[in-house]
Amino acid sequence: MVQLNGNQTIALLYPGCEAELVLSTSFVTSCGIHSHVDEDILVYFPYGTKVPSAVIENFHLYVAAMAHPVREIVVQLASYEVILGKPLFNIYNSIVDWRQH
């Protein structure tokens, strides 16, 4: 479970993802977070599918009660509302006890 802007959700921890943080459009909408589409940022999915993503300005992720600015992308996701990618593992691996969280 992760908490973003006071909303809890289940996140996929996926070190194969090159983005820091991927949010589903439905999660962003349900949280009341404003995002805007950036046609220059394309997200590539398996089998060659690519879609433009949306971005959120000044978004922070809270880890160990500390706010950290992250670069996130917002796309339509089918299975998860949040995906935590490889760059976050590199930053927070020493802070988070993965056996308990």
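Me: What pattern does the chain follow when you read along the sequence?

Reply: In this predicted model, the pattern is β-β-β-β-α-β-β-β-β-β-β-α. That gives two helices and ten strands in the chain.

Me: Let's look at one residue. Why does Val 22 count as buried?

Reply: Val 22, which lies in strand 4, has a relative accessibility of 5%. The cut-off for buried is under 20%, so at 5% Val 22 counts as buried. Across the chain, buried residues make up 39% of the 101 residues.

Me: What makes Tyr 80 partly exposed?

Reply: Tyr 80 sits in the loop between strand 9 and strand 10. Its relative accessibility is 33%. Buried would need under 20% and exposed over 50%, so Tyr 80, at 33%, falls in between and is called partly exposed.

Me: And how do you know that Gln 3 and Tyr 14 are partly exposed?

Reply: Try the cut-offs on both of them. Gln 3, in strand 1, has a relative accessible area of 45%. Tyr 14, in the loop between strand 3 (11–13) and strand 4, has 44%. Partly exposed lies between the 20% and 50% limits, so both residues earn that name.

Me: What makes strand 4 and strand 9 a pair?

Reply: Two strands pair if there are at least two bridges between them. Strand 4 (residues 21–24) and strand 9 have four bridges, in the parallel sense, so they pass the test. Leu 21 stands opposite Glu 72 of strand 9.

Me: How do you know that strand 4 also pairs with strand 10?

Reply: Use that rule again: three bridges join strand 4 to strand 10, and at least two are needed, so this is a pair too. These two strands run antiparallel. In strand 10, the bridge partner of Leu 21 is Leu 84. Val 22 and Leu 84 are 62 residues apart in sequence, but 6.6 Å apart in space, C-alpha to C-alpha.

Me: Which way do the residues of strand 4 and strand 9 point?

Reply: In strand 4, Leu 21 and Leu 23 point one way, Val 22 and Ser 24 the other way, and all are buried. In strand 9 (residues 72–75), Glu 72 and Val 74 point one way and Ile 73 and Val 75 the other way, and again all are buried.

Me: What makes strand 5 and strand 6 a pair, and what do they form?

Reply: Six bridges join strand 5 (residues 36–44) to strand 6 (residues 50–55), which run antiparallel. At least two bridges are required, so these strands pair. Leu 42 stands opposite Pro 52 in strand 6. Together the two strands form a hairpin with five residues between them, and Tyr 47 in the turn has a positive phi of about 70 degrees.

Me: Which residues have the most contacts inside the largest nonpolar core?

Reply: They are Leu 4, Leu 21, Leu 23, Ile 56, Phe 59, Val 82 and Leu 84, in a core of 18 residues. Strand 1 (2–4), strand 4, helix 1 (25–30) and strand 10 (82–84) each supply at least two residues of this core. Apart from it lies another core, of ten residues, among them Val 22, Ile 41, Val 43 and Val 75. In soluble globular proteins, nonpolar side chains tend to be buried together.

Me: How do you know that Val 22 is in contact with Val 82?

Reply: Contact means heavy atoms within 4.5 Å. Leaving aside neighbours within four places in sequence, the residues in contact with Val 22 include Val 82, Ile 73 and Val 75. Val 82 in turn touches Val 2, Leu 4 and Phe 27, among others farther than four places away in sequence.

Me: Which residues does Tyr 14 touch?

Reply: Not counting residues up to four places away in sequence, Tyr 14 touches Ile 83, Leu 84, Gly 85, Lys 86 and Phe 89. The C-alpha atoms of Tyr 14 and Lys 86 are separated by 6.7 Å, although the two are 72 residues apart along the chain.

Me: Which residues form a nonpolar patch on the surface?

Reply: Met 1, Ile 10 and Tyr 80 do, with about 350 Å² of accessible area together. A patch residue needs over 30% relative accessible area, and Tyr 80, at 33%, therefore meets that requirement.

Methods:
Residues are numbered from 1 along each chain as its sequence is written. This is a predicted model: local features need pLDDT of at least 70, side-chain atom pairs count only at pLDDT 80 or more; totals for chains, interfaces and linings use all residues. Side-chain values use heavy atoms; hydrogens and water are left out. Buried means under 20% relative accessible area, exposed over 50%, partly exposed in between (1.4 Å probe, protein chains only). A nonpolar core is a set of buried Ala, Val, Leu, Ile, Met, Phe, Trp, Tyr and Cys residues joined through side-chain atoms within 4.5 Å. Patches are made of residues with over 30% relative accessible area and no salt bridge: like charges are joined within 9 Å, nonpolar side chains (Val, Leu, Ile, Met, Phe, Trp, Tyr) within 5 Å. Accessible areas come from the Shrake-Rupley method with a 1.4 Å probe; for residues, only the protein chains shown count as cover. A salt bridge is a side-chain nitrogen of Lys or Arg within 4 Å of a carboxyl oxygen of Asp or Glu.
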